[in-house]
Amino acid sequence: MQIVIGGHVDHGKSTVVGRLLADTGSLPEGKLEQVKALCQRTSRPFEYAFLLDALKDEQAQGITIDAARVFFKTARRHYIIIDAPGHIEFLKNMVTGASRAEAALLVIDAKEGIQENSRRHGYMMSMLGIRQIAVVVNKMDLVGYSRSHYEGIVAEYREFLERIGVHPACFVPAAGREGDNIAIRSAAMPWYQGPTVLEALDQFQAEGPALDRPFRMPVQDVYKFTAQGDDRRIVAGTVEAGVLRAGDDVVFYPSGKKGRVRSIEAFNRPLQTAAQAGQATGFTLTEQLYVARGELVARAGELKPEVTTRLRVSLFWLGKQPLIRKRDYIFKLGTARVICRLEEIHRVVDASNLQVSDTKDRIDRHDVAECTFKLNRAVAFDTADQLAGTGRFVVVDDYEIRGGGIVREALTDRQSDIREKVMLRNFKWEPSIIPPDRRAEKYSQRASLLLITSARDADRKTLAKALEVRLFEDGRVVYFLGMANVLYGVDADIERKAENRTEHLRRLGEVANILLDAGAILIVTAQELTQEDLEVLKTSVDPERIELIWVGERVTTDVACDLVLGDEEAESDGVDRIKRLLQDKGVLFRPW
Ligand SMILES: Nc1nc2c(ncn2[C@@H]2O[C@H](COP(=O)(O)OP(=O)(O)OP(=O)(O)O)[C@@H](O)[C@H]2O)c(=O)[nH]1
Ligand SMILES: [Mg+2]
């Protein structure tokens, strides 16, 4: 069972953990004496917390502790305790779950009493769905083991927890340093009849892996077999919930692509026929599919995950800089990693005193907020009340985790209707016998959509056609698609009106998708493409396969460009620069 331990700085988390190790006989032979002797030699008072540091140094041989994880066992079961020294570590542990804690210990210093972080950690635990909490009122020696003092803290903290919907399993008066009520019942507090900390741990209910839930596995990576003539790929990841067996039909989200599991691959384990919640695993499919890290695998016929670019979330913010609108952050959920922006703040709570504000226009450090995020591409997830593990996220800014939380609700976005159609199309898609890789290899190119756009009156077509000729002469499979070819053909049944723009784009995307599946590089020109137009196209064409080139220095829309060509640039220079872009992006393979 995994237990996370939290509490205010210096309230005694590490001491409690060190004591647990010592008193359960979990330390390596002679370790305690060795650390005590070292303290004596360096004339430092001995601390149980030092045991953890000492064990860390032994990581290579010991395996007793790694990073902040401590292992020990009681007669009842094995434990992993995750000591989270700061908020960020705490949040990281809880959300990204190098470990998935099922229960928590919250340590409060009896003398200092309830502090801000006692409350914040309690709040985080409740938000992240940890229902089993034991509260250790530590350092009872400093208050003369006073019952009334203890009861005062219990009453105050219980009241706080009740307000956030947490019902602690128990409170334990203890003294980590002295060992009172940690593993051994204290003689100093005869008035207390409840469990010791160790007994409290043993009383937690094990949840066990979520086997009876819908299958979920975030795709960590797709490995290719390297053996000659073998084009199988292993889709690898850690199963978050449910069970998967060979022969099952799976669906990948957000793409909606469908496949059948050919085999379950076990790494360094005997052959398996099933993979279940909690296991790191991999599987192969009967047909090659293009799926990538970040997708979420579900089983066909089970509850579908949500897919959208707009999410209503509850979030903890821990960054020194406030979380603000109109700024890009990175949103990580499962294995997906996308750019996000804060769209709206609904309300902000100060977790240390539960004060609520609905007028704040930014989210400050330590605030808890209900807000809406807009992502630059769709992700698949479950809402926290459906499936906790696939409904947690973190927000990264400047390479560091600055916040995190849970998804409350999937909101519709402008692409919702199109996405539904695309997911169904992918689900029904009849894959070719020729795997996409073989085509790519044969044509020495990665199928791509090149969008060439510009201001209203600029000339795009001459350049696009010159590019088509150049790539064709180079031996590439390339095609220039004139807009009129689509408008008066595929689009013949819809009028050319502003309100039909999305449908025109959707159909263009579908035509492009077919040509890309055939392995081609497709060149399309369009006037003043906006970011929203691009988002629509990205819904039907794999975003990784779109390059956008703006002709002319002045970009007149909000679209994000991969390349901007100067006004004065000669046509041949323009073609050269686009070719270089395609080489850099790995669209054109060597030799070029
Ligand atoms: N008197 C007394 N002191 C204690 C007790 N438990 C811990 N301490 C002292 O409190 C100080 C902090 O203890 P730690 O275990 O390092 O606290 P922590 O919560 O792990 O601290 P951080 O990891 O820095 O947040 C140390 O000097 C301990 O010796 C106790 O039961 N009684
Ligand atoms: Mg500590």
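**Exercise 1. Describe the shell of residues around ligand 1: how many residues surround the ligand, and which are the closest?**

Solution. In this predicted model, where local features need pLDDT of at least 70, side-chain atom pairs count only at pLDDT 80 or more, and totals for chains, interfaces and linings use all residues, side-chain values use heavy atoms, with hydrogens and water left out. Residues are numbered from 1 along each chain as its sequence is written, while chains are lettered from A and ligands numbered from 1 in the order in which they are written.

Begin with the count: 16 residues surround ligand 1, and the closest are K13, S14, T15, E47 and D141, a residue being near when one of its heavy atoms lies within 4 Å of the molecule. Next, sort the shell by chemical class, which gives four nonpolar, six polar and six charged residues; here Ala, Val, Leu, Ile, Met, Phe, Trp, Tyr, Cys and Pro count as nonpolar, Asp, Glu, Lys and Arg as charged, and the others, Gly among them, as polar. Finally, ask where the shell comes from: its largest share, three residues, is supplied by helix α1 (residues 13–23), helices being DSSP runs of H or I with at least four residues and strands runs of E with at least two, numbered from the N terminus.

**Exercise 2. Find which atoms of T15, D10 and N138 lie close to ligand 1 as polar contacts, that is, as pairs of N or O atoms within 3.5 Å.**

Solution. For T15, a polar side-chain atom lies 2.4 Å from an oxygen atom of ligand 1. For D10, the partner is a backbone N or O atom, 3.1 Å from an oxygen atom of ligand 1. For N138, a polar side-chain atom lies 3.2 Å from a nitrogen atom of the ligand. The protein covers 83% of the 650 Å² of accessible area that ligand 1 has on its own, as computed by the Shrake-Rupley method with a 1.4 Å probe.

**Exercise 3. Work out how helices α13 and α14 are arranged: at what angle do their axes cross?**

Solution. The axes, lines fitted to C-alpha atoms over the stretch in contact, with angles from 0 to 180 degrees between N-to-C directions, come within 8 Å for α13 (residues 501–517) and α14 (residues 531–540), and they cross at roughly 40°. That angle makes α13 oblique to α14, since angles under 35 degrees count as roughly parallel, over 145 as roughly antiparallel, 65 to 115 as roughly perpendicular and the rest as oblique.

Now bring in helix α9 (residues 416–428), which packs against α13 at about 20° with the axes 12 Å apart, so α9 and α13 are roughly parallel to each other. The axes of α9 and α14 come within 9 Å and cross at roughly 20°, and these two helices are therefore roughly parallel as well.

**Exercise 4. Locate the cis peptide bonds at P254 and P591, and state the phi of D10.**

Solution. The bond from Y253 to P254 is cis, with omega near 10°, and P254 sits in the loop between β12 (249–253) and β13 (258–265). The bond from R590 to P591 is also cis, with omega near -5°, and P591 lies in the segment after α15 (571–584). D10, in the loop between β1 (2–7) and α1, has a phi near 70°, a positive value in a residue other than glycine. Most residues other than glycine have a negative phi, and most peptide bonds are trans.

Definitions and conventions. Polar contact = N/O pair within 3.5 Å; in protein donor to acceptor, adjacent residues only side chain to side chain.
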